[in-house]
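Hi,

Here is the structure I promised to pass on. Have a look at it first, and my notes follow underneath.

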Amino acid sequence: MQKTEHGLLICNQKAGNGSATKVAKEIRLSTPVEMMLFHDLLALPPEQQQEVLHEFTQLFVLGGDGTTFSMLQLASALALESGVTALGLGGENVVAKHMHTFDDKVSVVRRVLNGQHSTVQVPVYNVDFPSGEALPLMWNLHAGFSANVLENIEDLRANGSGD
């Protein structure tokens with residue numbers, strides 16, 4: 001693994017019942033990463049998102065599975081070559097738990113920046129639609145309890161209730 005020192009912490013302030021801000025501050029004070037709020041990133045036009053994110057060799061996602069999957073999808077759509085590390089905060093955190101990055105977030109960020117921990121490299125697959133539009137595809141599958149939780153979250157979002 002190659003050592004890298006240019007990371008961006010993307011923080012969903014709502015994650016962990018609002019504790020994300022405290023955790024993000026701890027990470028920022030202990031590591032050389034920059035920080036951006038998730039909703040600020042999404043508010044940018046795609047060209048600006050790409051410009052901002054292409055500056056970084058590592059992206060750290062502080063939020064739940066929804067934030068992580070959204071960032072992976074965005075990284076795929078923008079064809080980023082950055083590594084993506086899910087730090088997990090909030091509910092299920094399937095990705096962070098699978099990557100063993102859920103517990104000590106400061107330590108995880110340091111290990112990734114020093115090339116001592118693997119990150120997710122996002123493959124890009126384009127799907128051509130009959131309209132002629134080609135969109136990136138990310139395949140995710142959930143079953144059992146996590147599927148029920150994610151289904152309920154998506155229903156709440158669709159109704160404008162949030163998470």
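**Helix H1 and what surrounds it**

The buried residues of H1 are Ala-20, Val-23, Ala-24 and Ile-27. Because they span an arc of only 100° around the axis, they sit on the same side of H1. Turn the helix over and you get the other face: Lys-22, Lys-25 and Leu-29 are exposed there, on the face pointing away from the buried side. Before you go further, keep in mind that this is a predicted model.

So what covers the buried residues of H1? The cover includes three strands, E1 (7-11), E2 (34-37) and E3 (58-62), along with helix H6.

The H6 neighbour is worth a closer look. H1 takes in residues 20-30 and H6 residues 105-113, and the two pack with their axes 9 Å apart at an angle of about 40°. That angle makes H1 oblique to H6, because it falls outside the ranges for roughly parallel (under 35 degrees) and roughly perpendicular (65 to 115). The crossing of the two helices is right-handed. On the H1 side, the residues in contact are Val-23, Glu-26, Ile-27 and Ser-30; on the H6 side they are Lys-105, Val-106, Val-109 and Arg-110. Sorted by class, this contact has four nonpolar, one polar and three charged residues. Val-23 and Ile-27 turn up in both lists, as buried residues of H1 and as residues that meet H6.

**Two backbone oddities**

If you check phi angles, two residues are worth a stop. Asn-17 is not a glycine, yet its phi is positive, at about 55°. You will find Asn-17 in the loop between E1 and H1. Is Asn-17 buried or exposed? With a relative accessible area of 84%, Asn-17 is exposed.

Ala-79 is the other one: its phi is positive too, near 55°, and again the residue is something other than glycine. Ala-79 lies in the loop that runs between helix H4 (65-77) and strand E4 (83-86). Its relative accessible area is 45%, so Ala-79 counts as partly exposed.

**The chain overall**

Stepping back, the chain has seven helices and six strands. Read from the N terminus, the order is β-α-β-α-α-β-α-β-α-α-β-β-α. The chain has 163 residues, and 39% of them count as buried. As for contacts with a separation of 6 or more, 67% are between residues 24 or more positions apart.

Cheers

Technical notes
Residues are numbered from 1 along each chain as its sequence is written. This is a predicted model: local features need pLDDT of at least 70, side-chain atom pairs count only at pLDDT 80 or more; totals for chains, interfaces and linings use all residues. Side-chain values use heavy atoms; hydrogens and water are left out. Axes are lines fitted to C-alpha atoms, for helices over the stretch in contact, and angles run from 0 to 180 degrees between N-to-C directions. Helices (H or I, at least four residues) and strands (E, at least two) are DSSP runs, numbered from the N terminus. Angles under 35 degrees count as roughly parallel, over 145 as roughly antiparallel, 65 to 115 as roughly perpendicular and the rest as oblique. A crossing is left-handed if the near helix is turned anticlockwise from the far one by less than a right angle, and right-handed if clockwise. Contact means heavy atoms within 4.5 Å. Ala, Val, Leu, Ile, Met, Phe, Trp, Tyr, Cys and Pro count as nonpolar, Asp, Glu, Lys and Arg as charged, and the others, Gly among them, as polar. Buried means under 20% relative accessible area, exposed over 50%, partly exposed in between (1.4 Å probe, protein chains only). The arc is that of the directions from the helix axis to the C-beta atoms.
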